[in-house]
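The following note sets out several points for a colleague's consideration. Please read each one alongside the model.

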Amino acid sequence: MIILTKLNGEKFMLNPDLIEIVTENPDTVITTSTGHSYIVEQSMNEIISLVKEFKQSLRRARPERNI
């Protein structure tokens with residue numbers, strides 16, 4: 001999960017696998033595959049970094065498989 005901030009300052013967690021579209025004009029709007037939209041303080045580049053960091057943490061946490 002990634003932590004984002006709504007424009008009113010409220011923090012929330014979002015499953016990045018649900019992100020379908022991110023637009024920035026000028027507010028950043030995230031639209032999920034479930035149809036929900038969130039206006040957030042983070043920029044598009046910040047969201048990209050958060051998602052990359054989250055995906056990398058999953059790979060580090062996964063034990064290596066010896067075959």
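1. The model under review is predicted. A polar atom of the Q42 side chain lies 3.1 Å from the backbone nitrogen of T5. Q42 itself is found in the loop between β5 (37-40) and α1 (44-61), while T5 has its place in strand β1 (residues 2-5). The contact therefore links a loop side chain to the backbone of a strand residue, and it qualifies as polar because 3.1 Å falls within the 3.5 Å cut-off.

2. Is Q42 buried or exposed? Its relative accessibility is 13%, so Q42 counts as buried, the limit being under 20%. Leaving aside residues up to four places away in sequence, Q42 touches I3, L4, T5, T28, I47 and L50.

3. T5 deserves attention in its own right. This residue is buried, with a relative accessible area of 6%. In addition to the backbone contact with Q42, the side chain of T5 makes a polar contact of 3.2 Å with the side chain of K11. Outside the window of four places in sequence, T5 touches E10, K11, F12, I39, V40, E41 and Q42.

4. Which atom of Q42 lies 2.8 Å from a polar atom of the T28 side chain? The backbone oxygen of Q42 does. Q42 thus appears in two polar contacts: with T5 through its side chain, and with T28 through its backbone oxygen.

5. T28 is placed in strand β4. At 4% relative accessibility, T28 counts as buried, because this value is under 20%. Its contacts, again not counting residues up to four places away in sequence, are V22, T23, Y38, I39, V40, Q42, S43, M44 and I47. With one of these, S43, the C-alpha to C-alpha separation is 6.1 Å, although the two residues are 15 residues apart in sequence.

6. The strand that holds T28 may be placed in its pairing context. Strand β3 (residues 19-24) and strand β4 (residues 28-32) pair in the antiparallel sense over 5 bridges. A hairpin of 3 residues joins β3 to β4. Within this pairing, I19 has T32 as its bridge partner in β4.

7. A final point concerns aromatic rings. K6 lies over the face of F12, at 5.5 Å from the ring centre. F12 is also among the residues that T5 touches. As for pairing between rings, the count comes to 1 aromatic pair.

Definitions and conventions
Residues are numbered from 1 along each chain as its sequence is written. This is a predicted model: local features need pLDDT of at least 70, side-chain atom pairs count only at pLDDT 80 or more; totals for chains, interfaces and linings use all residues. Side-chain values use heavy atoms; hydrogens and water are left out. Rings of Phe, Tyr and Trp (its six-membered ring) pair if their centres lie within 6.5 Å; planes under 30 degrees apart count as stacked, over 60 as edge-to-face and the rest as tilted. A charge sits over a ring if NZ of Lys or CZ of Arg is within 6 Å of the ring centre and within 35 degrees of the ring normal. Two strands pair if DSSP finds at least two bridges between them. Helices (H or I, at least four residues) and strands (E, at least two) are DSSP runs, numbered from the N terminus. Buried means under 20% relative accessible area, exposed over 50%, partly exposed in between (1.4 Å probe, protein chains only). A polar contact is a pair of N or O atoms within 3.5 Å; within protein, one must be able to donate a hydrogen and the other to accept it, and residues adjacent in sequence count only if both atoms are side-chain atoms. Contact means heavy atoms within 4.5 Å.
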